[in-house]
Amino acid sequence: QVQVVESGGGLVQPGGSLKLSCAVSGTIFSFNVMGWYRQASGKERELVATIRDDGRSDYTDSSKGRFTISREKGKNTVYLQMNLLKPDDTAVYYCHLRLPRDRKDYWGQGTQVLVFS
């Protein structure tokens, strides 16, 4: 069974940095897309960044230039490096795995990020 688990959330002051991790276990196809989503209180869940198995990545306007998504070779782990954090970045961050061939989605439990002074 495929499992997705996030970690690394916490409290950080505006302008600070935080690095989130996403560990994936189970058997998956080599062709896959992983992404980070976030959901702030009272708002809809939104996409932050995505990365394919070949390393190609995309970012939304709100994250581009400040956030970096990456994969670690040899490990089933994806990271989200967040810099210059703003109060608007406060949200629960979710790791997402998409298997296009099977049209299946897997979600982590979420990790809370609080940007507050």
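Here is a friendly exchange about the strands and loops of this predicted model.

Biologist: Let's start with the open sheet of four strands: in what order do the strands stand?

Modeller: Happy to begin there. The pairing in this sheet is antiparallel. Its edge strands, β1 (3–7) and β7 (67–72), each pair on one side only. Reading across the four strands, the order is β1-β3-β8-β7.

Biologist: And how many degrees does the twist average from one strand to the next?

Modeller: That value belongs to the open sheet of four strands. From one strand to the next, the twist averages 15 degrees.

Biologist: Strands β3 and β8 pair in that sheet, so which residue of β8 is the bridge partner of Leu20?

Modeller: Strand β3 covers residues 18–25 and strand β8 covers residues 77–82, with six bridges in the antiparallel sense. For Leu20, the bridge partner in β8 is Leu80.

Biologist: Moving on to β4 and β5, which residue in their hairpin takes a positive phi?

Modeller: Strand β4 (residues 33–39) runs antiparallel to strand β5 (residues 46–52), and six bridges join them. One of the paired residues is Val33, whose bridge partner in β5 is Arg52. The hairpin has six residues between the strands, and the one with a positive phi, near 80 degrees, is Gly42.

Biologist: What about β5 and β6: which residue of β6 stands opposite Thr50?

Modeller: Strand β6 takes in residues 57–59 and runs antiparallel to β5, with three bridges joining the two. Opposite Thr50, in β6, stands Asp58.

Biologist: These two strands form a hairpin as well, so what is the phi of Gly55 in the turn?

Modeller: Between β5 and β6 there are four residues. Gly55 is in that turn, and its phi is positive, at about 95 degrees.

Biologist: Now a residue other than glycine: is Leu84 buried or exposed?

Modeller: Leu84 is found in the loop between β8 and β9 (91–99). Its phi is near 50 degrees, a positive value in a residue other than glycine. The relative accessible area of Leu84 is 54%, and the cut-off to apply is over 50%. Leu84 is therefore exposed.

Biologist: Last one: what is the relative accessible area of Arg103?

Modeller: Arg103 has its place in the loop between β9 and β10 (104–107). Here too phi is positive in a residue other than glycine, near 55 degrees for Arg103. Arg103 is exposed, and its relative accessible area is 70%.

Notes:
Residues are numbered from 1 along each chain as its sequence is written. This is a predicted model: local features need pLDDT of at least 70, side-chain atom pairs count only at pLDDT 80 or more; totals for chains, interfaces and linings use all residues. Side-chain values use heavy atoms; hydrogens and water are left out. Two strands pair if DSSP finds at least two bridges between them. Axes are lines fitted to C-alpha atoms, for helices over the stretch in contact, and angles run from 0 to 180 degrees between N-to-C directions. Buried means under 20% relative accessible area, exposed over 50%, partly exposed in between (1.4 Å probe, protein chains only).
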